[in-house]
Amino acid sequence: MTSLGSLDDRVWRAFEPAASPPRARLETITALREASVPADVLIAPVIPHVGDHPRALDALVDACADAGAVTVFPDVMRINPGARDWFLTQSADALPPHLHHRLAADFATRNAMPSCYVQEVTAHIHARAAHHGLPRWEDYMRHVSNARGSTPGSAGRRASRE
């Protein structure tokens, strides 16, 4: 699994400067698929107001599907108090002021966006993935487990009974 929260290089440079560029991560997925290795993508972090626009999310899911991802798993950004100052400093330096102010207001007193927002973004990503025939991560894992003739954790249960 690889993570990819945005195709925008500005977002990557601002918030994931030590990670590989978005296109390099997509190339990794393609290389894995060409080697017949299943590759899934954790679409994360989806940064509110920065990477959550429907066209940006569609482009991201489309790129993952085009690279050969077998599934995508969306995860909207949560921020722990220890990372808040760094994140807000980065957003002040990298984003237009109106976006920074929205993020600062949203995360001033909470660690995550409201559940209705998270559900909306997640549903959008799942719908776009379904457009490409990509199953939800849970469904993909269930299929893989069934194909192997077991369910997650069954090997451990068998071993404990022996």
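Which residues does glutamine 90 touch, not counting residues up to four places away in sequence? We'll get there in Exercise 3, after a few warm-ups. Keep in mind that this is a predicted model, where local features need pLDDT of at least 70, side-chain atom pairs count only at pLDDT 80 or more, and totals for chains, interfaces and linings use all residues. Residues are numbered from 1 along each chain as its sequence is written, and side-chain values use heavy atoms, with hydrogens and water left out.

**Exercise 1. Take stock of the protein chain.**

Step 1: list the parts. You should find eight helices and three strands. Here helices (H or I, at least four residues) and strands (E, at least two) are DSSP runs, numbered from the N terminus.

Step 2: read along the sequence. The pattern is β-α-α-β-α-β-α-α-α-α-α.

Step 3: get the dimensions. Along its principal axes, the C-alpha trace spans about 60 × 35 × 30 Å.

Step 4: check burial. Of the 162 residues, 39% count as buried, where buried means under 20% relative accessible area, exposed means over 50%, and partly exposed is in between (1.4 Å probe, protein chains only).

**Exercise 2. Work out how the sheet is put together.**

Step 1: find the strand order. It's an open sheet of three strands, β1-β2-β3, with parallel pairing. Two strands pair if DSSP finds at least two bridges between them. As background, strands of a sheet pair through backbone hydrogen bonds, either parallel or antiparallel.

Step 2: spot the edges. These are β1 (2-3) and β3 (71-76), each pairing on one side only.

Step 3: go through the pairs. β1 and β2 (residues 40-46) are joined in the parallel sense over two bridges, and serine 3 stands opposite leucine 42 in β2. Between β2 and β3 there are five bridges, again in the parallel sense. Leucine 42 has phenylalanine 73 as its bridge partner in β3, while valine 46 has valine 76.

Step 4: decide how enclosed β2 is. Five of its seven residues are buried, so β2 is largely enclosed by the rest of the structure.

Step 5: add the helices lying across β2 and β3. One of them is α6 (residues 115-131), running at about 165° to β3; α7 (residues 137-147) lies across these strands too, at about 140° to β3. Axes are lines fitted to C-alpha atoms, for helices over the stretch in contact, and angles run from 0 to 180 degrees between N-to-C directions.

**Exercise 3. Locate glutamine 90 and name its contacts.**

Step 1: place the residue. Glutamine 90 lies in helix α4.

Step 2: buried or exposed? Glutamine 90 is buried, with a relative accessible area of 19%.

Step 3: list the contacts (heavy atoms within 4.5 Å). Leaving out residues up to four places away in sequence, glutamine 90 touches Ala14 and Phe15.

Step 4: try phenylalanine 87 under that rule. Phenylalanine 87 touches Phe15, Ile47, Met77, Ile79 and Leu103, not counting residues up to four places away in sequence.

**Exercise 4. Describe the largest nonpolar core.**

Step 1: know the rule. A nonpolar core is a set of buried Ala, Val, Leu, Ile, Met, Phe, Trp, Tyr and Cys residues joined through side-chain atoms within 4.5 Å.

Step 2: find the best-connected members. Of the 36 residues in this core, Val41, Ile43, Ile47, Cys64, Val72, Phe87 and Ile125 touch the most other members.

Step 3: find the main contributor. The largest share, seven residues, comes from α3.
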